[in-house]
Amino acid sequence: YEAEVHSFAVPLFDSAGLPMGGLAVASPRSRVTPELSRVILPALTRAAQELTELWGGILPLAISDKWRQLA
């Protein structure tokens, strides 16, 4: 934990659809605006989906549905 740091994180999944790792973005809290959050979250979920698929992982349907809502 770091004071005044805002972070976003998403899981990465293996071939069984189980969490295998994570991907995160951290920024000073003063720089994170609602507008920036609306840019970071979709980009982060897209990157996590691409990484999951590149190593043969499967994105669970419930996660996929939630992430689509962020797009």
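User: Which residues of α1 are buried?
Analyst: In this predicted model, α1 covers residues 34-54. A residue counts as buried when its relative accessible area is under 20%. The residues of α1 that satisfy this criterion are Ser 37, Ile 40, Pro 42, Leu 44, Thr 45, Ala 48 and Thr 52.

User: Against which elements do the buried residues of α1 pack?
Analyst: Leu 44, one of these buried residues, is in contact with Phe 8, Ala 9, Val 10, Leu 23 and Val 25, its neighbours within four places in sequence being left aside. Strand β1 spans 5-13, and β2 spans 19-28. Taken together, the buried residues of α1 pack against β1, β2 and α2 (61-70).

User: Is Ser 37 buried or exposed?
Analyst: Ser 37 belongs to helix α1. Its relative accessibility is 18%, and the cut-off for a buried residue is under 20%. Ser 37 is therefore classed as buried.

User: Which residues does Ser 37 contact, leaving aside its neighbours within four places in sequence?
Analyst: Ser 37 lies in α1, and Pro 42, one of its contacts, is likewise listed among the buried residues of that helix. Another contact, Phe 8, is a member of the largest nonpolar core. The full set is Phe 8, Val 32 and Pro 42.

User: Which element gives the most residues to the largest nonpolar core?
Analyst: The core has 10 residues in all: Phe 8, Val 10, Leu 12, Phe 13, Val 32, Ile 40, Leu 44, Ala 48, Leu 59 and Trp 67. The elements that supply two or more of them are β1 and α1. With four residues, the element that gives the most is β1.

User: What distance separates the end C-alpha atoms of α1, and what span is expected?
Analyst: Helix α1 has 21 residues, and the expected rise is 1.5 Å a residue. The expected span is therefore 30 Å. The end C-alpha atoms agree with this, being separated by 30 Å.

User: Which residue just after α1 takes a positive phi?
Analyst: Helix α1 ends at residue 54. Just beyond the helix, a phi of about 85 degrees is found. The residue concerned is Gly 56.

User: What is the phi of Glu 4?
Analyst: Most residues other than glycine have a negative phi. Glu 4, in the segment before β1, has a positive value although it is not glycine. Its phi is near 65 degrees.

User: Which residues does Glu 4 contact, leaving aside its neighbours within four places in sequence?
Analyst: Glu 4 is exposed, with a relative accessible area of 55%. Its C-alpha atom is separated by 6.0 Å from that of Pro 28, 24 residues apart along the chain. The contacts of Glu 4 are Ser 27, Pro 28 and Arg 29.

User: In what order do the elements of the protein run from the N terminus?
Analyst: The secondary structure consists of two helices and two strands. Among contacts with a separation of 6 or more, 53% join residues 24 or more positions apart. The order of the elements is β-β-α-α.

User: How far apart are the mean positions of the positive and negative charges?
Analyst: The C-alpha atoms fill a box of roughly 40 × 25 × 20 Å along the principal axes. The protein has 6 positive and 7 negative charges. Their mean positions are separated by 7 Å.

How values were computed
Residues are numbered from 1 along each chain as its sequence is written. This is a predicted model: local features need pLDDT of at least 70, side-chain atom pairs count only at pLDDT 80 or more; totals for chains, interfaces and linings use all residues. Side-chain values use heavy atoms; hydrogens and water are left out. Buried means under 20% relative accessible area, exposed over 50%, partly exposed in between (1.4 Å probe, protein chains only). Contact means heavy atoms within 4.5 Å. A nonpolar core is a set of buried Ala, Val, Leu, Ile, Met, Phe, Trp, Tyr and Cys residues joined through side-chain atoms within 4.5 Å. Lys and Arg count as positive and Asp and Glu as negative; His and the chain ends are not counted. The place of a charge is taken as NZ of Lys, CZ of Arg, CG of Asp or CD of Glu. The expected span of a helix is 1.5 Å times one less than its number of residues.
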